[in-house]
Amino acid sequence: DFRALLQPLVEALVANNDAAALRLVVDDAPVLLDKADAAWAAARVADAFARALEPASAQCHDLALRRLAESATLDALIAKTSLADPSRKREGAVAGKIVPAVCR
């Protein structure tokens with residue numbers, strides 16, 4: 001089961017906050033979004049995309065844009081974020097960074 005076994009491992013990897021972990025989350029976003037619960041995906045995957053789109057993450061920037069160009073990935077990311085926060089108090093990463101990057 002992803003949530004019981006793999007999600008904690010991915011969480012530990014993401015906690016390292018390095019470029020390799022960021023690339024891993026962004027590259028495997030379709031699988032993570034499919035398997036993870038909405039709150040975890042909104043907190044970790046959306047944050048990874050937001051960080052990958054920052055100027056300091058040039059090596060991850062193109063990968064993030066390629067993943068977000070896949071409609072299934074973008075749709076899943078927006079859906080998981082909406083499910084995790086129906087009041088839209090935490091939509092900052094998606095509305096503030098991800099959607100504008102995709103629309104450029």
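Helices are DSSP runs of at least four residues, numbered from the N terminus. By that rule, arginine 51 is placed in helix H4, which covers residues 38–52. The model described here is predicted.

The protein chain holds seven helices and zero strands. Along the sequence, the pattern reads α-α-α-α-α-α-α. The chain has 104 residues, and buried residues make up 38% of them. Its accessible surface comes to about 5,800 Å². Carbon and sulfur atoms account for 56% of that surface. Contacts across the sequence were also counted. Among contacts with a separation of 6 or more, 66% join residues 24 or more positions apart.

Arginine 51 illustrates how a residue of H4 is set in its surroundings. Its relative accessibility is 19%. Buried means under 20%, so arginine 51 counts as buried. Leaving aside residues up to four places away in sequence, arginine 51 touches Val14, Asn17, Leu22 and Ser57. Of these, Val14 falls within the range of helix H1, residues 2–15.

Salt bridges were examined next. The structure holds four of them. In one, the side chains of glutamate 11 and arginine 44 meet at 2.7 Å, N to O. Glutamate 11 lies in helix H1 and arginine 44 in helix H4, so this pair ties together parts of the chain 33 residues apart in sequence. Glutamate 11 has a relative accessible area of 25%, so it is partly exposed. Arginine 44 is partly exposed as well, with a value of 30%.

A further salt bridge brings together the side chains of arginine 67 and aspartate 27, at 3.2 Å, N to O. This pair also links distant parts of the chain. Arginine 67 sits in helix H5 (residues 58–69) and aspartate 27 in helix H2 (residues 19–27). The two are 40 residues apart. Their surroundings can be compared with the cut-off in mind. Arginine 67 has a relative accessible area of 18% and is therefore buried. Aspartate 27, at 33%, is partly exposed.

Arginine 67 has another partner. Its side chain meets that of glutamate 70 in a salt bridge of 3.1 Å, N to O. Glutamate 70 counts as partly exposed, at 33% relative accessibility. Through shared partners, the salt bridges join Asp27, Arg67 and Glu70 into one network. Arginine 67 takes part in both the bridge to aspartate 27 and the bridge to glutamate 70.

Helix packing was examined last. H4 packs with helix H6, which covers residues 71–84. The angle between them is about 130°, and their axes lie 8 Å apart. Angles over 145 degrees count as roughly antiparallel and those from 65 to 115 as roughly perpendicular. The angle fits neither range, so H4 is oblique to H6. The crossing of the two helices is left-handed. On the H4 side, the contact is made by Ala38, Ala39, Ala41, Ala42, Val45, Ala46 and Phe49. On the H6 side, the contributors are Thr73, Leu77, Lys80, Thr81, Leu83 and Ala84.

Helix H4 thus recurs in these results. It holds arginine 51. It also holds arginine 44, the salt-bridge partner of glutamate 11 in H1. And it packs against H6.

Technical notes:
Residues are numbered from 1 along each chain as its sequence is written. This is a predicted model: local features need pLDDT of at least 70, side-chain atom pairs count only at pLDDT 80 or more; totals for chains, interfaces and linings use all residues. Side-chain values use heavy atoms; hydrogens and water are left out. Buried means under 20% relative accessible area, exposed over 50%, partly exposed in between (1.4 Å probe, protein chains only). Contact means heavy atoms within 4.5 Å. Accessible areas come from the Shrake-Rupley method with a 1.4 Å probe; for residues, only the protein chains shown count as cover. A salt bridge is a side-chain nitrogen of Lys or Arg within 4 Å of a carboxyl oxygen of Asp or Glu. Axes are lines fitted to C-alpha atoms, for helices over the stretch in contact, and angles run from 0 to 180 degrees between N-to-C directions. Angles under 35 degrees count as roughly parallel, over 145 as roughly antiparallel, 65 to 115 as roughly perpendicular and the rest as oblique. A crossing is left-handed if the near helix is turned anticlockwise from the far one by less than a right angle, and right-handed if clockwise.
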